[in-house]
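Open your viewer, get the selection tool ready and follow along stop by stop. Each stop tells you what to select and then what is there.

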Amino acid sequence: MKMITDYKKLLLISLIAVIFSVSVLCYNYSTTGDFLDKSIDFKGGTVASVAVDDSGFDLAFVEGIATEKLGKVVVRTTTGDAGTSIVFESEDVITQESISDILDSAAISYDKDDISIQSVGAALGEEFMRQAIIAVVFAFFLMGLIIFMTFKTIVPSIAIISAAAVDILFAMALMVIFNINLSLGTLAALLLLIGYSVDTDILLTTRLIKRKSEGTLDERVSSSMKTGITMTTSAIAAFSILYLVSTSAVLDQIALVIIFGLLADYITTWFQNVGLLRWYLRDKDKDEEEDEEEEEKAKPRYMRRQEKAKNAKNRKRTKSKKGKRR
Amino acid sequence: MNYTKLAKDWRILMLFASILLSVIFIHPVYVLQDDGTAGITTSIRKGLDLEGGVRALLEPEDPSLIQKTITTLNIRVNTLGLTETRIMSVGSKYIQVEMAGLSEKEIRDILEQQGKFDAKIKRHIETKDGSGVLEFGGNYDVSLDKKTIIINGEILDINDSLVLEGVEFEYTNITGNTVELTALAYVGEDVVKVFTDAQHTRVEPTEAGYRFSFQIMVSADAASRFAKITEKIPVDFGATGGYLTENIDLYLDDTEVDSLRIGSGLKGSVESTITISGPGDTQDDAIEKMRNLQAILESGALPTKLEIVKIDMISPTLGESFMRTAIFAIIFAIVVVSFVIFIRYRDFRIVIPILITSLSEVLIILGVASLIHWTIDLAAIAGIIAAVGTGVDDQIIITDESSRKEKRMTSLKAKLRNAFFIIFTAAFTTIAAMTPLLFIGAGALRGFALTTIIGVIIGVLITRPAFGRVIREIKEGV
């Protein structure tokens, strides 16, 4: 596969991804008032789910009874490991008793011990939301600090930090599209993405900036890609298994969000980060080439002739060596 | 490959030691369960998500009283015989209670009930032409002017109270010419002992359902108070025996829960042991009400009001299914990842160490969890998978860095040092990203953050260096 070496093209592709993510999020904001739909963890309310014994019931009928007893409530069904479950969502508290009440009135049989309820007070949800924002800001700040202290140069550090940011933006955009709301679990997944994203970017940056002697820029980029793509693909494989195997909605959502972010990582590391580094190094390489040319000109002629002859000999030797190895 | 040289390397030894210690801490035991099936139990504490139960987050009205409230709750929970309960403070603002095997309603009853207990006896005073007599102690004249009364020189409107001879009286009602004063006989603090044994408790069927009764011991002060209040109450001799004309009313959190007749034999007597009773619809209902009341009297009132702000109720069957799939997911994920690695490297000598390293990371994380008595819940399992994910990434980095051809003569050791530079930096970043989660969300994500951080630290200090050593042996031994 031919590698794109023009940094402008690379950055353009990654820019498309960024614009896509931001537009999806802004669209959601304009239609719902939130960038991401919040789960009860952040907006308060109750979600109750009951495993029912058979799926032959009229959902609208159940919803009618539920609305009568609980007021504004959303009723839906899910199927999972435990069979069919009815899920009730409300902004207020739903108690176990009211669930039993509703199901008894609708003459649906269920397992009394198999009711799951999650309830969060509205004030608490708001506080969690505030804490979540602080957590993300704090995590990014710490991450930025560590990256700066490691690489001590501006452009590469910003490249790594922005790659992590775009990964998270892209994951958030896909969350909107696939109807995954922001819960404490998915928040944790988004923060975890910082760690995974940075893994591949640090690999790339270290190889390109600190190991200049290991081959041309293109060679270093392609060898980093080999390593990095293996890393991201195996992580995606691991979390895909988690998603497919788990029966818990929480784990499913965490797995999906991380997969979304890792998919974005393919673009942010190998297009965005590479693009930025190519641009940054191109200027530096130009300076180095000029320095080298100046050095060459300053050397006396007899030295240059000697070096030319030595290089020609070396090339012959490596050529024949290559022949023997094959 | 020189296996003996490998085995003597300190990194490999540390890995083996950690694995061994972890197995010891996890303490897997092959047991025969009650239903005849064989199973393995470990000392790993399973969280609520995996066992089923209720987790409630409570916000006390007065946060400075959190410790005292927790003590009271613990007494309450112990009196109820609930052994699988964990109560702890979260931050400085909340209390978290985890209970297995109770319904949500039962939890609310136990936790939200402040438990202010009062026993009151009413006195009714007939007034004629605006004056009457309260027959209590030294007897007191009561003058009535419209709705205001004057007693013992004090002017009282409705709901005012005064203290006569150590007993608090509240002016509670007036109907026509009858003034109602309510005397406070007992309060929660007067209860010295609550009897819960079979000799002192009883649940009997009645015509309208069931009735529970149990005995309590009150302080000497309270006993003499009761004597004083009842001394001059007239007796009503009816078909079922002699009872005082006034009942003793029991209040819980200012709501009347029962009204008991006072036997004539108790009139004016200093009784320290009294019987508390109440109704129940069914036998179970009666027993439950009795236990709750016993727990509340034993623990006393909560120092401050509690509000349940977050409640999670997980059914046990759901929890069990999570557990099974979680274990399966971890193992299967490691297998699939090894497959991906194999496609890339096509060398079993690399795939097998990666497999072993990842599995040992999971094992050691669980070992550490057992050691610090950390509960493993769904979030923690996600954290384990996340840590293993970074582990695989790091091992790929190590493998690739060590096989890079270079123009400069760098030793394999140096290449590995390079690899670990990348790994350490990435590890610090992951730990930094996870650290805020330890403090937010009222601890809901602490399990996730902690297992990820522990996993990354174990990886960077123990398992991945060992893997690096193995890779070095593979490359150099060729």
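**Stop 1: a pair across the chain.** Select B:Arg469 to begin. B:Arg469 is buried, because its relative accessible area is 5%, and buried means under 20%. Keep in mind as you look around that this is a predicted model. Now add B:Asp9 to your selection. The two residues form a salt bridge, with their closest N and O atoms 2.4 Å apart. In sequence this pair links distant parts of the chain: B:Arg469 lies in helix 12 of chain B, B:Asp9 sits in the loop between helix 1 (3-8) and helix 2 (10-26), and 460 residues separate them. Is B:Asp9 buried or exposed? B:Asp9 counts as buried, since its relative accessibility is 11%.

**Stop 2: another salt bridge in chain B.** Next, select B:Glu165 and B:Lys228. Their side chains meet in a salt bridge, at 3.3 Å from N to O. This pair, too, links distant parts of the chain: B:Glu165 is in the loop between strand 12 (161-164) and strand 13 (167-175) of chain B, while B:Lys228 is in helix 6 (residues 220-231), 63 residues apart. B:Glu165 is partly exposed, with a relative accessible area of 35%, and B:Lys228 is partly exposed at 29%.

To see salt bridges that share partners, select B:Arg55, B:Arg86, B:Glu98, B:Lys310 and B:Asp312, which are joined into one network. Side chains of opposite charge can pair when their charged atoms come close. Over all chains, the structure holds 26 salt bridges.

**Stop 3: B:Gln96 and its surroundings.** Stay in chain B and select B:Gln96, which you will find in strand 6 (residues 94-99). B:Gln96 counts as buried because its relative accessibility is 11%. The side chain of B:Gln96 makes a polar contact with the side chain of B:Glu98, at 3.3 Å. What else is B:Gln96 in contact with, leaving aside its neighbours within four places in sequence? The residues to highlight are B:Arg55, B:Ala56, B:Leu57, B:Arg86, B:Ile87, B:Met88, B:Val90 and B:Ala442.

**Stop 4: a loop residue.** Select B:Thr304, in the loop between helix 7 (283-299) and strand 23 of chain B. At 4% relative accessibility, B:Thr304 counts as buried. Not counting residues up to four places away in sequence, B:Thr304 touches B:Pro60, B:Glu61, B:Asp62, B:Leu65, B:Thr69 and B:Gln114. If your viewer has a distance tool, try it from B:Thr304 to B:Ala466: their C-alpha atoms are separated by 54 Å, and the residues are 162 apart along the chain.

**Stop 5: where the chains meet.** Now colour chain A and chain B separately. How many residues of chain B are in contact with chain A? There are 65 of them, in contact with 68 residues of chain A. The area buried between the chains is about 5700 Å², and carbon and sulfur atoms give 68% of it. In chain B, B:Met313, B:Asp393 and B:Arg404 lose the most area to chain A, together 10% of what that side buries.

There are 11 residue pairs in polar contact between the two chains, both residues being at pLDDT 80 or more. Helix 8 (316-345) is among the elements of chain B that each supply at least two residues to the side touching chain A. That helix gives the most, with 14 residues. By type, the residues on this side of chain B divide into 37 nonpolar, 13 polar and 15 charged.

**Stop 6: bridges between the chains.** The count of salt bridges between chain B and chain A is 2. Select B:Lys93 and A:Glu127 for one salt bridge, where the closest N and O atoms are 3.0 Å apart. Then select B:Glu401 and A:Arg207, whose side chains meet in a salt bridge at 2.5 Å, N to O. B:Glu401 lies in helix 10 of chain B and A:Arg207 in helix 7 (residues 184-210) of chain A, so the pair joins two chains. Both B:Glu401 and A:Arg207 are buried.

**Stop 7: strands side by side.** Show the cartoon view and find strand 4 (residues 110-120) of chain A, which pairs with strand 23 of chain B in the antiparallel sense over 4 bridges. Within this pairing, A:Gln118 has B:Asp312 as its bridge partner.

Note on methods: Residues numbered from 1 in each chain as written. Chains lettered and ligands numbered in written order. Predicted model: local features only at pLDDT ≥ 70, side-chain atom pairs only at ≥ 80, totals over all residues. Heavy atoms only, no water. Contact = heavy atoms within 4.5 Å. Buried area = accessible area lost by both parts, 1.4 Å probe. Salt bridge = Lys/Arg side-chain N within 4 Å of Asp/Glu carboxyl O. Polar contact = N/O pair within 3.5 Å; in protein donor to acceptor, adjacent residues only side chain to side chain. Nonpolar A, V, L, I, M, F, W, Y, C, P; charged D, E, K, R; others polar. Pairing = 2+ DSSP bridges. Buried < 20%, exposed > 50% of the residue type's maximum accessible area, 1.4 Å probe, protein only.
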